[in-house]
Amino acid sequence: MRTLIRTLVVAAGVALALARPQGFAPVRVVTTTEDLASLAREVGGDRVVVDALAKGYQDPHFVDAKPSFILLVSRADLLIVVGRELELGWLPPLINNSRNAKIQPGAAGYLDASQTVKILEIPTGQITRAMGDVHPSGNPHYWLDPDNGRRMAGAIRDKLSQLAPADAAFFAQRYADFDRRLGEAQKRWDATLAPYKGTKVVTYHRSWPNFMDRFGLQVIGYVEPKPGIPPSPSHTLDLIAEMKRLGVKIIVVEPYWSLKTPQSIASQTGSEVLVLAPSVGGTKEASDYIQLFEYDVKLLAASLKRATGK
Ligand SMILES: [Zn+2]
């Protein structure tokens with residue numbers, strides 16, 4: 001028994017030595033969203049400690065900055081943001097008040113994950129805040145395309161390797177493993193949604209252009225008249241008419257909106273309100289980046305089956 005215990009202790013010691021180099025201190029990562037946190041954990045493994053600020057069930061445009069956020073940001077080695085002005089309403093004061101030089105925009109410990117991804121809906125012409133648009137730099141909900149998730153993970157791998165060069169091979173191996181698992185899952189998701197290509201849907205907010213594009217679905221209207229502007233009676237009437245004309249049977253809603261207007265539209269158009277998770281943590285089942293898509297694809301496919309009879 002004693003020998004067994006000693007063997008186990010030695011084995012554990014060897015495993016620990018392999019897992020954590022001498023003088024090891026994990027990179028302290030703070031992310032604005034749970035999606036970014038999940039990707040950072042996929043790539044960083046036990047060489048990082050990751051905290052997310054916004055919860056996946058909150059509207060990421062409007063987050064109540066808690067005092068604990070400043071403490072987290074002040075201690076971070078790396079701050080990863082969605083960018084494209086998604087966090088404009090709440091993050092800049094946190095960065096300022098953290099007094100942490102490492103994570104200021106432009107510093108080595110600041111990563112804007114939107115830099116390497118495919119961005120949709122980049123506005124052309126003059127855009128002003130008076131229009132009420134919360135997407136002035138293109139659509140910031142880009143993480144809802146798995147190919148963008150892969151690019152974001154790649155950017156995180158590169159940034160972590162820059163901050164902790166001794167662990168670069170470790171991060172590369174973790175990224176490769178994530179890339180493989182994501183690729184396998186993507187084949188399944190594509191196959192599940194393939195029968196419904198071209199189906200028209202309505203969404204509450206413009207959270208889903210990357211997601212719908214990826215899976216070949218067509219968004220023909222929004223419950224919000226403009227991103228960040230609440231539903232208005234005249235816009236709702238127009239939307240109902242358009243949905244009837246095009247035979248739209250699905251209204252996708254993010255979990256943080258009131259269901260009142262969507263349900264009223266649904267009852268007048270014979271359509272279904274479908275609450276999907278726009279982020280990791282948006283629902284219990286969406287526990288990480290891959291599970292987020294597992295959840296949404298499964299629910300959406302069931303709804304599309306009911307709507308189309310396919
Ligand atoms: Zn938005």
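Where does Pro255 lie? This opening point is taken up in Exercise 1, after two remarks on the model.

Residues are numbered from 1 along each chain as its sequence is written. The model is predicted, so that local features need pLDDT of at least 70 and side-chain atom pairs count only at pLDDT 80 or more, while totals for chains, interfaces and linings use all residues; side-chain values use heavy atoms, with hydrogens and water left out.

**Exercise 1.** Locate Pro255, and describe its exposure and its separation from Pro278.

*Solution.* Begin with the place in the chain: Pro255 lies in the loop between strand S7 (250-253) and helix H9 (260-269). Here helices (H or I, at least four residues) and strands (E, at least two) are DSSP runs, numbered from the N terminus. Next, take the exposure, where buried means under 20% relative accessible area, exposed over 50%, and partly exposed in between (1.4 Å probe, protein chains only). With a relative accessible area of 31%, Pro255 is partly exposed. Finally, Pro255 and Pro278 are 23 residues apart along the chain, and their C-alpha atoms are separated by 8.0 Å.

**Exercise 2.** Describe the site of the zinc ion, starting from its donors.

*Solution.* First, list the protein donors, which are N, O and S atoms within 2.8 Å of the metal (3.2 Å for Na, K and Ca); water is not among the atoms, so sites may look incomplete. They are His61, His135, His141 and His205, each through NE2, at 1.9 to 2.0 Å from the zinc ion. Secondly, consider the angles among the 4 donor atoms, which run from 106 to 113° and make the site tetrahedral (four donors count as tetrahedral if all angles lie between 85 and 135 degrees). Thirdly, read the spacing of the donor residues in sequence, which is H-x73-H-x5-H-x63-H. His61 lies in the loop between strand S2 (48-52) and helix H3 (67-75), and His205 in the loop between strand S5 (200-203) and helix H7 (209-214), so the pair ties together parts that are 144 residues apart in sequence. To finish, note that His61 is buried, with a relative accessible area of 5%, and that His205 is buried too, at 2%.

**Exercise 3.** Compare the phi angles and surroundings of Arg99 and Glu121.

*Solution.* Start from the general expectation that most residues other than glycine have a negative phi. Arg99, although it is not a glycine, has a positive phi of about 50°, and Glu121, also not a glycine, has a positive phi of about 60°. Then look at their places: Arg99 lies in the loop between helix H4 (91-98) and strand S4 (110-112), whereas Glu121 lies in the loop between S4 and helix H5 (146-163). Lastly, Arg99 is exposed, with a relative accessible area of 78%, while Glu121 is partly exposed at 31%.

**Exercise 4.** Describe the protein as a whole, and then place Leu239 within it.

*Solution.* Count the elements first: the protein has 10 helices and 8 strands. Its radius of gyration is 22 Å, close to the 19 Å that the globule rule gives for 310 residues, so the protein is as compact as a globular protein of that length (the radius is taken over C-alpha atoms, and the rule is 2.2 Å times the number of residues to the power 0.38). Of the 310 residues, 47% are buried. Leu239, which has its place in helix H8 (residues 233-246), is buried, with a relative accessible area of 5%.

Methods: Four donors count as tetrahedral if all angles lie between 85 and 135 degrees; four count as square planar and six as octahedral if opposite donors are over 155 degrees apart and all others between 65 and 115; anything else is irregular.
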